[in-house]
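Colleague: I would like a close look at a single part of this model. Please take one helix and its surroundings, and then follow the charged pairs elsewhere in the chain.

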Amino acid sequence: MRRQLSSLLLCLALPLSAQEFTTYKGHGGPIMALDVSPEGALASASFDNSVGIWPGPKWLEGHDAAVTALNYEVAPAILSGSDDFRVLFWRPDLPDPIEVTKMRGKISAIAAASRPNRIAIGSWDGAVRLLSSSDLLRANDAALLEFSAQDLHGHRSNVTDVVFSPTGMLYSASSDGTVRIWAEGESRVIANQGFGINRIIVTDTWLAYGAVDGTTRVINVETGDQIADFTLDRRPILSMDHHAPTGQLAIGDGEGHIMMVDTNSWRITRDFRAMRQGPVWALAFSTDGTVIHAGGIDDVIYAWPVALLDTYDPAGGDTRSFLRDADTMSNGERQFMRKCSICHSLENGPSRKAGPTLYGVFGRKAGVVPDYRYSPTLDGSAIIWNDATIDALFDVGPDHYIPGSKMPMQVIAAPQDRADLIAFLRTATKENRK
């Protein structure tokens with residue numbers, strides 16, 4: 001019988017190499033990125049706008065939208081990037097994070113190099129920005145270089161990943177289907193997949209990339225010649241991590257699988273269905289390579305011992321998920337699950353979700369839930385939430401009804417769907433409900 005433990009507490013007493021399946025719980029939304037420090041601490045980025053440091057957790061709150069990129073190589077400090085277009089620098093000895101740069105689009109990736117001391121940032125605006133590590137504390141946003149879609153040698157679409165090789169050479173991937181290598185402000189294409197490339201791993205001798213169409217290839221880091229092809233009928237490739245000392249390459253896809261590749265023999269050692277529902281958005285090896293951490297659409301981080309991967313059932317998919325069977329819900333609840341539940345709780349009290357709780361929302365003034373960091377637009381707003389204002393919110397979309405708020409762009413076009421949502425919320429958010 002396959003084994004699957006779901007309690008972190010049961011594993012804490014065991015040494016890491018002897019642990020079985022472990023879960024880290026506390027985030028209020030999907031897990032978007034993971035990274036492990038050289039000392040072994042785990043950092044997680046979530047749709048709930050926060051960064052978690054494990055064990056703990058210790059919460060880093062400062063972003064105004066989903067946190068999508070992490071770099072823990074500068075430990076004990078950490079760099080985080082977000083859909084709020086900003087990169088923040090967190091140091092344990094500072095009370096607040098430092099905003100080191102703000103791009104013109106969402107942050108997709110952050111890379112760090114020690115020789116020379118450089119930080120590279122990739123963004124949905126098509127740009128790669130290069131900063132000096134020594135400038136991080138100055139908060140002056142003084143870029144050493146920036147390569148953008150307007151440049152002759154730049155990407156023509158979103159930059160999806162940036163990576164330094166061990167020797168400090170900078171590589172970038174893009175949804176334009178290319179991987180570029182940068183030197184002295186110019187680049188050359190080392191791979192042209194045709195479909196968007198989401199993730200890359202670079203060593204001194206090879207480069208691995210994963211693409212939207214499911215392509216997973218390894219090429220020579222200088223010539224671009226193919227070394228291996230691990231493409232399977234699963235798409236898209238969304239996450240990768242490499243553990244150099246043990247020669248392991250982990251690859252996560254949109255259908256919930258984690259494929260493990262031995263980079264010494266270039267063969268697949270394990271192909272594991274990790275997630276019961278949804279994608280594998282983030283992967284990170286432990287420092288000794290014995291554990292692989294993964295995150296996806298659930299608000300939980302999962303960790304498996306690599307040696308026992310194929311002995312476990314898929315993780316996640318609890319009934320609380322917004323991926324519940326639509327036939328089990330009324331239309332109003334379906335609208336809530338699809339449009340609201342990823343950001344908002346219906347329960348009283350503090351919530352780690354990206355938005356404030358909706359408990360008691362009817363008749364409540366906007367921007368007044370205690371201990372929630374509202375945007376300046378809603379802080380002090382005159383809006384009172386009722387049938388008319390909630391209907392208007394989803395009729396035109398939050399970005400038009402409340403410009404500048406944190407709420408994502410979305411519309412419920414059908415009047416009946418909006419009416420059903422409001423009716424559901426009337427009951428589900430009552431302060432005296434059983």
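Modeller: What follows starts with helix 5 and the core around it, then turns to the salt bridges and to one buried serine. The model is a predicted one.

Helix 5 covers residues 415-428. With 14 residues at 1.5 Å a residue, helix 5 should span 20 Å, and its end C-alpha atoms are indeed 20 Å apart, so the expected and modelled lengths agree. Its buried residues are Arg418, Leu421, Ile422, Phe424, Leu425 and Ala428. Viewed down the helix axis, these buried residues fall within an arc of 165°, so they line one face of helix 5. Pro415, Gln416 and Thr427 are exposed on the other side of the helix. The buried residues of helix 5 pack against helix 2 and helix 3.

That packing leads to the largest nonpolar core, which has 24 residues. The members that touch the most others are Phe336, Leu346, Trp385, Phe394, Leu421 and Leu425. Helix 2 (331-339), helix 3 (387-396) and helix 5 each supply at least two residues of this core. Helix 5 gives the largest share, five residues. In soluble globular proteins, nonpolar side chains tend to be buried together. Leucine 425 shows the contacts in detail: leaving aside neighbours within four places in sequence, leucine 425 is in contact with Phe336, Leu346, Leu358 and Phe362. There is also a second, separate core of 19 residues, including Val300, Trp304, Val306 and Ala315.

Now the charged pairs. The salt bridges number 14. One of them joins arginine 86 to aspartate 64, with the closest N and O atoms 3.8 Å apart. Arginine 86 belongs to strand 8 (residues 86-90), while aspartate 64 sits in the loop between strand 5 (58-61) and strand 6 (67-71), so this pair ties together parts that are 22 residues apart in sequence. Arginine 86 has a relative accessibility of 12% and therefore counts as buried. Aspartate 64, with a relative accessible area of 31%, is partly exposed.

Aspartate 64 also meets arginine 373 in a salt bridge, at 3.4 Å from N to O. This second pair links distant parts of the chain, 309 residues apart: arginine 373 is in the loop between helix 2 and helix 3, and aspartate 64 is in the loop between strand 5 and strand 6. Arginine 373 is partly exposed at 40% relative accessibility. Asp64, Arg86 and Arg373 are among the residues linked in a network of salt bridges, which also includes Asp84 and Glu99.

Another salt bridge is formed by aspartate 271 and arginine 234, whose closest N and O atoms are 2.7 Å apart. Aspartate 271 lies in strand 25 (residues 267-273) and arginine 234 in the loop between strand 21 (226-229) and strand 22 (237-243), so the pair ties together parts 37 residues apart in sequence. Aspartate 271 is partly exposed, at 40% relative accessible area, whereas arginine 234 is buried, at 14% relative accessibility.

Last comes serine 165, in the loop between strand 14 (159-164) and strand 15 (170-174). At 6% relative accessibility, serine 165 counts as buried, because the limit is under 20%. Its side chain makes a polar contact of 2.9 Å with the side chain of threonine 167. Not counting residues up to four places away in sequence, serine 165 touches Tyr171, Val202 and Thr203.

Notes: Residues numbered from 1 in each chain as written. Predicted model: local features only at pLDDT ≥ 70, side-chain atom pairs only at ≥ 80, totals over all residues. Heavy atoms only, no water. Core = buried A, V, L, I, M, F, W, Y, C linked by side-chain atoms within 4.5 Å. Buried < 20%, exposed > 50% of the residue type's maximum accessible area, 1.4 Å probe, protein only. Helix = DSSP H or I, 4+ residues; strand = E, 2+ residues; numbered from the N terminus. Contact = heavy atoms within 4.5 Å. Expected span 1.5 Å × (residues − 1). Arc of directions from axis to C-beta. Polar contact = N/O pair within 3.5 Å; in protein donor to acceptor, adjacent residues only side chain to side chain. Salt bridge = Lys/Arg side-chain N within 4 Å of Asp/Glu carboxyl O.
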